[in-house]
Amino acid sequence: MDRPEHHCGVVGMALSCNAANSIKKSLRVIQHRGQESAGIALFDDHIRSVRGMGLVHEVLSGREFESICGNTGIGHVRYSTTGSSSAENVQPIVVSTSAGELALGHNGDIVNADKIRSKLQSEGWAFLTTTDSEIIVRLLANELTQTTDAVRAIKNTMRILDGAYSLTLMIGGRVFGVRDPMGFRPLCIGKVPNGYAIASESAVFDIMRGEFIRDVAPGEILEITQSGFTASKVPCPIHSAHCMFEWVYFARPDSIVDGKEVYRLRKNIGQKLAEEQPVSADVVVAVPDSGRGHALGFAEASGIKYEEGFMKNRYVERTFIMPEQNKRDEGVLLKLNPIRSTVTGRRVVIVDDSIVRGTTMKKIVEMMRRAGAKEVHVRIGCPPIRAPCYYGIDMKTRDQFAATNRSVEEIAKMITADSLGYTSVKGLVEALEVPESDLCLACLTGLYPSSIPGEKMRFQQTLEVHD
Ligand code: AMP
């Protein structure tokens, strides 16, 4: 089934005043996590929502947005991926049930969604969408008809779900943040003026003039109110599976993800990369923006001067998700242009966070040569991506990866670089300062933290209860 991805951003807020503008502002802070659609749901007697395709400031404006209010609410931004762009996937999902109203914002991918859906359909349940988020809402609504204890209902729902989910959730006017038991995708809690907030990334609290309190722990359910929060937890596996790609590429450099500032870790990775893959060159340049931290670390450790090598046009849409190769090629040219005084006549090291298909890097190397670079060396923070992600990152099929059936030398040839080097998996783990057993490295190793049909598991998980 062609299921939409949920590499998205979520926010939840409980304030002593109208939360509409604060949620909107927070969503703008995490706009990088999703540019396809945006939405907000607020509780004021009942739940009302404004949702649509577009950027946050486009969707959350005008009369409809001005007319909704509520002291508690949630918001969502959604990432666009090839083949899954449709209005039915816009979140938050809002449903009315016999147990009251529910609203849900979801970041992640439920790996057993198809199995759950088939089972429920065979029992006579009907679904309106193909989204795994609808499954979560339906399961929760069903649980809420059996118990009035909301936390118990959430826990029972979590027992059925397998995979990656960081949620913000409203049950009537109550706001919850929920993180899956392996903690794939980030989620954190902060104190903000007039109340408390839950968000995918901590940069939200800075921009709100608030304070980051802590990450939501794997398996944790937090309820926030205007004056505080309460926490409970489901049993969790001994090991977590934090997605390494959040630090490598996806999250903002100024965010703290699972206790670690993203920028600092990107610099760590760049330093490792320089140690492991040294090169003689005149200048280090970054592919903006996500390559910057990696490149600065590389420059620091190698002693090679860092300079700005590209002008980036911020107003060009994302090339990564363009479905056709020629559009992606054109997109890269529109987005990046070399700064000649940095490049001409010099031996250049280009540092970027990752190579997925290699489309971007091939164009960049060509660009550097046209600008007169004497040599073009490429260094990549993320080890070669070889296996699909089932937990919410848009890297789906093995045949799309540059590293599938190619040695590093062959990839270098493909992107026409004079040399190519990646950080090793071991080097990456050291740079992230997280035990390997608590990271999801599946896209690098092909060993998955949970059972996926046709794929290998990293190790057998045993359950440990810490309630
Ligand atoms: P490519 O190798 O041409 O597929 O593109 C890789 C570049 O796209 C990387 O340098 C990242 O900056 C960016 N990127 C990597 N993974 C993703 C993703 N899942 N979604 C969007 N952009 C990505």
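This briefing covers the ligand site, the pockets and cavities, and some backbone features of the structure.

The model is predicted. Its ligand sits in the largest pocket, and the protein covers 94% of the 500 Å² of accessible area that the ligand has on its own. The structure also holds 2 cavities of 30 Å³ or more. Cis peptide bonds occur from Gln91 to Pro92 and between Pro288 and Asp289.

**Ligand shell**

- The ligand has 17 residues around it. Tyr79, Asp352, Val356, Gly358 and Thr360 come nearest.
- By class, the shell around the ligand holds 7 nonpolar, 5 polar and 5 charged residues.

**Polar contacts of the ligand**

- Gly358 places a backbone N or O atom 2.7 Å from an oxygen atom of the ligand. Gly358 is also among the residues that come nearest to the ligand.
- A polar backbone atom of Ser354 lies 2.9 Å from an oxygen atom of the ligand.
- For Thr359, the distance from a polar backbone atom to an oxygen atom of the ligand is 3.2 Å.
- The protein's cover over the ligand comes to 94% of an accessible area of 500 Å².
- Helix H8 (244-250) and helix H13 (359-370) are the elements that give two or more residues to the shell around the ligand.

**Largest pocket**

- The largest pocket, where the ligand sits, contains about 1,600 Å³ of space.
- Its lining counts 48 residues. Gln35, Tyr249, Lys312, Arg318 and Lys335 lie nearest the centre of the pocket.
- H8 and H13 are the elements that supply two or more residues to the lining of the largest pocket. H8 and H13 also each give two or more residues to the ligand shell.
- The lining of the largest pocket splits into 20 nonpolar, 14 polar and 14 charged residues.

**Largest cavity**

- The volume of the largest cavity is about 90 Å³.
- Its lining is made of Arg185, Cys243, Met244, Phe245, Pro388, Cys389, Tyr391, Ile393, Met395, Cys440, Ala442 and Cys443.
- Two or more residues of the lining of the largest cavity come from each of H8 and helix H16 (442-445). H8 also gives two or more residues to the lining of the largest pocket.
- The class count for the lining of the largest cavity is 11 nonpolar, no polar and 1 charged.

**Second largest cavity**

- The second largest cavity has about 60 Å³ of space.
- Ile136, Leu140, Ile154, Thr157, Met158, Leu161, Tyr165, Leu167, Leu169 and Val178 line the second largest cavity.
- Helix H5 (132-146), helix H6 (150-160) and strand S7 (166-171) each give at least two residues to this lining. H6 contributes the most, with 3 residues.
- The lining of the second largest cavity has 9 nonpolar residues, 1 polar residue and no charged residues.

**Backbone features**

- Omega is near 5° for the cis peptide bond from Gln91 to Pro92. Pro92 is placed in the loop between strand S4 (72-78) and strand S5 (93-97).
- The cis bond joining Pro288 and Asp289 has an omega of about -5°. Asp289 falls in the loop between strand S18 (283-286) and helix H10 (292-302).
- Arg209 is a residue other than glycine with a positive phi, near 60°. The loop between helix H7 (203-207) and strand S11 (211-215) holds Arg209.

Notes
Residues numbered from 1 in each chain as written. Predicted model: local features only at pLDDT ≥ 70, side-chain atom pairs only at ≥ 80, totals over all residues. Heavy atoms only, no water. Near = heavy atom within 4 Å. Polar contact = N/O pair within 3.5 Å; in protein donor to acceptor, adjacent residues only side chain to side chain. Areas by Shrake-Rupley, 256 points an atom, 1.4 Å probe, with all protein chains shown as cover. 1 Å grid on protein atoms, 1.4 Å probe; cavity = no way out; pocket = protein on both sides within 12 Å on 5 of 7 lines; lining within 4 Å. Sits in = over half its atoms within 2 Å of the grid points. Helix = DSSP H or I, 4+ residues; strand = E, 2+ residues; numbered from the N terminus. Nonpolar A, V, L, I, M, F, W, Y, C, P; charged D, E, K, R; others polar. Points joined across faces, edges and corners; volume = space filled by probe spheres on them.
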